[in-house]
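This briefing goes through one protein model and its ligand, topic by topic. Please keep the sequence and the structure open while reading.

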Amino acid sequence: MTKEYDSAGGSIVAVDGLDLTIDDGEFVVFVGPSGCGKSTTLRCVGGLETVTEGSIRFGDEDVTDQKPKERDIAMVFQNYALYPHMTARENMAFGLKMSTELSSEEIDERVQATAEMLSIEELLEDKPKALSGGQQQRVALGRAIVRDPEVFLMDEPLSNLDAKLRAQMRTELQQLQSELDVTTVYVTHDQTEAMTMGDRIVVLDDGQLQQVGTPLECYHRPANQFVAGFLGSPPMNFLRVEADLEQQELQNAVFTLPLSESVATEIDSSELVLGIRPEHIELTDTPETHGEPSRLVEADVTVTEPMGDVTNVYLDIGGESVTVTTDGKTGASPGDQLYMHVPAAKMHLFDRETGEAIKHSDEPIDAADSPTATESTSPAETA
Ligand code: ADP
Ligand code: MG
């Protein structure tokens with residue numbers, strides 16, 4: 001589907017030819033930076049916006065021209081949108097009263113059962129202003145759940161909560177979704193939410209689909225540099241390099257790294273970007289005894305950021321900044337000269353012009369893809 005908005009300066013393509021099938025019962029997360037078209041997509045699925053081109057189907061049914069209330073959906077938004085003059089119970093019951101033939105006993109039962117599920121039985125007689133943000137969001141969720149819809153549509157539902165509550169609600173929502181087994185489309189700009197909650201994630205940028213896959217597929221096998229840089233915190237490091245295919249080397253002004261023949265044959269442009277995740281770099285101060293000296297790059301420590309379990313070490317490499325996530329007990333401190341080890345198997349390579357991925361890390365992404373399966377080739381050969 002495509003969605004264009006008319007605006008003063010012409011038309012804006014908010015969603016550009018998005019083509020996607022979501023399975024029954026699946027939890028799919030749309031993720032991307034602000035303005036990439038997540039909410040627009042969700043609003044089109046919900047019928048709050050009409051699509052400019054293309055169609056939307058629920059199962060075999062074409063719902064493209066149906067009004068929101070004709071679609072079997074329930075929505076939850078960031079701003080809970082509860083009716084202020086109604087109690088939590090009335091808020092939850094309201095939609096059922098208006099749009100179903102259920103008796104008031106049946107409605108009461110559903111509201112009660114849902115309130116128990118969400119641990120908000122005690123709050124049912126309270127009005128929204130007496131409730132905390134987290135409690136209001138539970139009532140808003142309850143209002144969606146009592147409708148027992150075919151699809152949940154959620155637009156940044158946890159964004160107004162503080163960090164701790166957000167983490168807790170993330171887990172609860174996931175559990176709830178798998179118990180209810182209702183197809184859910186969830187929108188967030190927060191890559192952590194996407195990584196932790198989605199069965200699959202859909203990465204969007206500028207209205208265009210970048211990648212669809214399981215969180216680990218997208219993390220370890222990013223389709224392009226945008227996805228690689230968007231998922232992960234601290235983000236993947238990128239260094240501009242040239243490929244010298246004759247020498248089988250990657251080069252830039254301050255270092256060279258060996259390139260295996262198998263990777264060299266995949267490369268058809270010499271202008272590349274080397275990508276390496278902070279957790280895949282090792283630091284050493286004893287290059288003489290290192291097992292793979294050809295893969296060491298000299299670096300200056302600029303800042304260290306102890307997080308407790310890990311420490312982020314910021315390096316300067318010929319004027320470019322590189323982040324390394326090390327053990328929390330690292331001895332590195334600003335001013336140190338160290339060497340970073342860039343394991344061949346963990347390198348990503350991207351075409352600098354198109355951003356397309358040329359090589360991925362060999363990190364396993366499912367049980368069948370175990371590390372032992374890739375151990376037979378030496379690191380130098382897999383790069
Ligand atoms: P996201 O939810 O990913 O932050 P949106 O779907 O809200 O992004 O917006 C996508 C693009 O469409 C943005 O450029 C935004 O400015 C534009 N847009 C969204 N809603 C409207 C609207 N009602 N009228 C005009 N432009 C809009
Ligand atoms: Mg939005």
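**Overview**

The protein chain contains 11 helices and 21 strands. The model is predicted. Its C-alpha trace spans about 80 × 45 × 45 Å along the principal axes. Of the 383 residues in the protein chain, 47% are buried.

**Ligand 1 and its surroundings**

- The residues around ligand 1 are Tyr5, Ala14, Pro33, Ser34, Gly35, Cys36, Gly37, Lys38, Ser39 and Thr40.
- Sorted by class, this shell holds five polar, four nonpolar and one charged residues.
- Helix H1, residues 38-46, gives the most to the shell, with three residues.
- A polar backbone atom of glycine 35 lies 2.6 Å from an oxygen atom of ligand 1.
- In serine 39, an N or O atom of the side chain is 2.8 Å from an oxygen atom of the ligand.
- For threonine 40, the distance between a polar side-chain atom and an oxygen atom of ligand 1 is 2.5 Å.
- On its own, ligand 1 has 560 Å² of accessible area, and the protein covers 62% of this.

**Helix H1**

- Helix H1 is largely enclosed by the rest of the structure, because seven of its nine residues are buried.
- The buried residues of H1 are Lys38, Thr40, Thr41, Leu42, Cys44, Val45 and Gly46.
- Two of these, Lys38 and Thr40, are buried in H1 and also belong to the surroundings of ligand 1.
- Glycine 47, just after H1, takes a positive phi of about 90 degrees.

**Nonpolar core**

- The largest nonpolar core has 44 residues, and Tyr186 and Leu231 are those with the most contacts inside it.
- Helix H4, residues 133-145, supplies the largest share of this core, five residues.
- Domain 1 (3-220) and domain 2 (225-359) each give at least three residues to this core.

**Backbone geometry**

- Most residues other than glycine have a negative phi, and most peptide bonds are trans.
- Alanine 81 has a positive phi, near 55 degrees, and is not a glycine.
- The position of alanine 81 is in the loop between strand S6 (73-77) and helix H2 (88-99).
- Alanine 81 counts as partly exposed, because its relative accessibility is 49%, and partly exposed covers the range between under 20% and over 50%.
- Glutamate 156 also has a positive phi, near 45 degrees.
- The loop that holds glutamate 156 runs between strand S7 (151-155) and helix H5 (163-180).
- Glutamate 156 counts as buried, because its relative accessibility is 11% and the cut-off for buried is under 20%.
- The peptide bond that joins serine 233 and proline 234 is cis, with omega about -5 degrees.
- Proline 234 sits in the loop between helix H8 (225-230) and strand S11 (237-244).

**Selected residues and distances**

- Arginine 143 is part of helix H4.
- With a relative accessible area of 17%, arginine 143 is buried, because the cut-off is under 20%.
- Arginine 143 and methionine 347 are 204 residues apart along the chain, and their C-alpha atoms are separated by 47 Å.
- Leucine 274 belongs to strand S14, residues 271-276.
- The relative accessible area of leucine 274 is 1%, so this residue is buried.
- Between leucine 274 and lysine 359, 85 residues apart along the chain, the C-alpha atoms are separated by 9.5 Å.
- Alanine 130 occupies the loop between helix H3 (104-117) and H4.
- Alanine 130 is exposed, because its relative accessible area is 56% and exposed means over 50%.
- From C-alpha to C-alpha, alanine 130 and proline 84 are 10.0 Å apart in space, with their positions 46 residues apart in sequence.

Conventions
Residues are numbered from 1 along each chain as its sequence is written. Chains are lettered from A and ligands numbered from 1 in the order in which they are written. This is a predicted model: local features need pLDDT of at least 70, side-chain atom pairs count only at pLDDT 80 or more; totals for chains, interfaces and linings use all residues. Side-chain values use heavy atoms; hydrogens and water are left out. A residue is near a molecule or strand if one of its heavy atoms lies within 4 Å of it. A polar contact is a pair of N or O atoms within 3.5 Å; within protein, one must be able to donate a hydrogen and the other to accept it, and residues adjacent in sequence count only if both atoms are side-chain atoms. Accessible areas come from the Shrake-Rupley method with a 1.4 Å probe; for residues, only the protein chains shown count as cover. Helices (H or I, at least four residues) and strands (E, at least two) are DSSP runs, numbered from the N terminus. Ala, Val, Leu, Ile, Met, Phe, Trp, Tyr, Cys and Pro count as nonpolar, Asp, Glu, Lys and Arg as charged, and the others, Gly among them, as polar. A nonpolar core is a set of buried Ala, Val, Leu, Ile, Met, Phe, Trp, Tyr and Cys residues joined through side-chain atoms within 4.5 Å. Buried means under 20% relative accessible area, exposed over 50%, partly exposed in between (1.4 Å probe, protein chains only). Domain bounds come from an automatic or database domain assignment.
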